[in-house]
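Hi there,

Here is the structure I promised to pass on. Have a look at it first, and my notes follow below.

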Amino acid sequence: MSPVFDDFDAIDVEAGEASIFLRRAGSGPAILLLHGFPQTHLMWRQVAPLLADRFTVICPDLRGYGRSGCPASRPDHAPYAKRAMAKDMVAVMETLGFQRFSVAGHDRGGRVAYRLALDHPERVERLAVLDILTTADVWERADARLAAGFWPWSLLAQPEPLPERLLSAAPEAVIDDALGGWGSPAEAFSPAVRAAYIEVLRDPDRVHAICEEYRAAATLDRAHDLADREVGRRIACPVLALWSGRGALESWYAEAGGPLALWRAWADDVRGGPLDAGHFFPEEIPEQTADELRRFFAATA
């Protein structure tokens, strides 16, 4: 779909509950790049090649997205909790020969990434979280702005089949709203990439999986975060937090000290700041995003 992945191997890895499709290239220390909604691994199409000259770069589709498997869910949504998705990534990296690695996640992938660092601290050397706060922090501070501006959080968490029917009925409208309305210019996405993102929402199994992931975020993911906070469990590795300087994280959380203050409640070593771009900044400003990640992942602990 995207010629910049021509030098990347296409690999399917059995990760226990799910088959995970990924792209891999480069050599050196391993970096796992995790995508968000409504994307696939294609969101890294311009960032990953810029990192592959120094690192082994692995770009998977999360379970339920892209070309990865869609395990059956359960009434408690546990198969689509970030805990389960993080376990997929541990299995993938172990299969590829990496006991330890760094991880960067954008949007939903950022939630998998920080859960991976919390649940498997022996695996994660460095963590980068792109345009997110923890799920618990977001829900605790939810208000009318979140309900109106982050519509997937509330809409897709509703009981089935309503969200599934809505997404399936208008996949083009969903993608166009996201790609054109979340702060990044629509021209940052080629017609081929837009079509690939729409194609995911034409598959009823993937639409259901995505909704289950949002239902898990409203229930289990939040509960897992709160349980960690209660016992003082923290992210042990260095953390880089980057966010859209045009988006919600830049303004909504000022009274709490902003994103860095909120992430420092979860980790001792936190750095980062806003980027002058919209929510999809890895696709809008890939060179700057890659530079930020390269500097962070190349630094000694």
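Which residue with a positive phi follows H2? That residue is Gly 97, with phi near 100°. Please keep in mind that this is a predicted model.

Helix H2 itself covers residues 82-95, 14 residues in total. From its first C-alpha to its last, H2 reaches 20 Å, close to the 20 Å expected at 1.5 Å a residue. Its buried residues are Lys 82, Ala 84, Met 85, Ala 86, Asp 88, Met 89, Val 90, Val 92 and Met 93, so you will find a lysine and an aspartate on that list along with the alanines, methionines and valines.

Next, the sheet. It is open and made of 8 strands, in the order S1-S2-S4-S3-S5-S6-S7-S8, with mixed pairing. S1 (9-14) and S8 (270-275) are the edge strands; each has a single partner, so one side of each has no neighbour in the sheet. From one strand to the next, the twist averages 20°. S8 runs parallel to S7 (residues 239-244), and 6 bridges join the two. Leu 242 stands opposite Gly 273 in S8.

Finally, the largest pocket, with a volume of about 460 Å³. Its lining counts 25 residues, and those nearest the centre are Asp 131, Gly 149, Phe 150, Ala 248 and His 279. Helices H3 (108-119), H6 (151-155) and H11 (248-251) each give two or more residues to this lining, and H11 gives the most, with 3. By class, the lining has 12 nonpolar, 8 polar and 5 charged residues.

Happy browsing, and best wishes!

Conventions
Residues are numbered from 1 along each chain as its sequence is written. This is a predicted model: local features need pLDDT of at least 70, side-chain atom pairs count only at pLDDT 80 or more; totals for chains, interfaces and linings use all residues. Side-chain values use heavy atoms; hydrogens and water are left out. On a 1 Å grid over the protein atoms alone, a cavity is a set of points where a 1.4 Å probe fits but cannot get out, and a pocket is an open set with protein on both sides within 12 Å along at least five of seven lines; lining residues have an atom within 4 Å of a point. Grid points are joined across faces, edges and corners, and a volume is the space filled by probe spheres set on the points. Helices (H or I, at least four residues) and strands (E, at least two) are DSSP runs, numbered from the N terminus. Ala, Val, Leu, Ile, Met, Phe, Trp, Tyr, Cys and Pro count as nonpolar, Asp, Glu, Lys and Arg as charged, and the others, Gly among them, as polar. The expected span of a helix is 1.5 Å times one less than its number of residues. Buried means under 20% relative accessible area, exposed over 50%, partly exposed in between (1.4 Å probe, protein chains only). Two strands pair if DSSP finds at least two bridges between them. Axes are lines fitted to C-alpha atoms, for helices over the stretch in contact, and angles run from 0 to 180 degrees between N-to-C directions.
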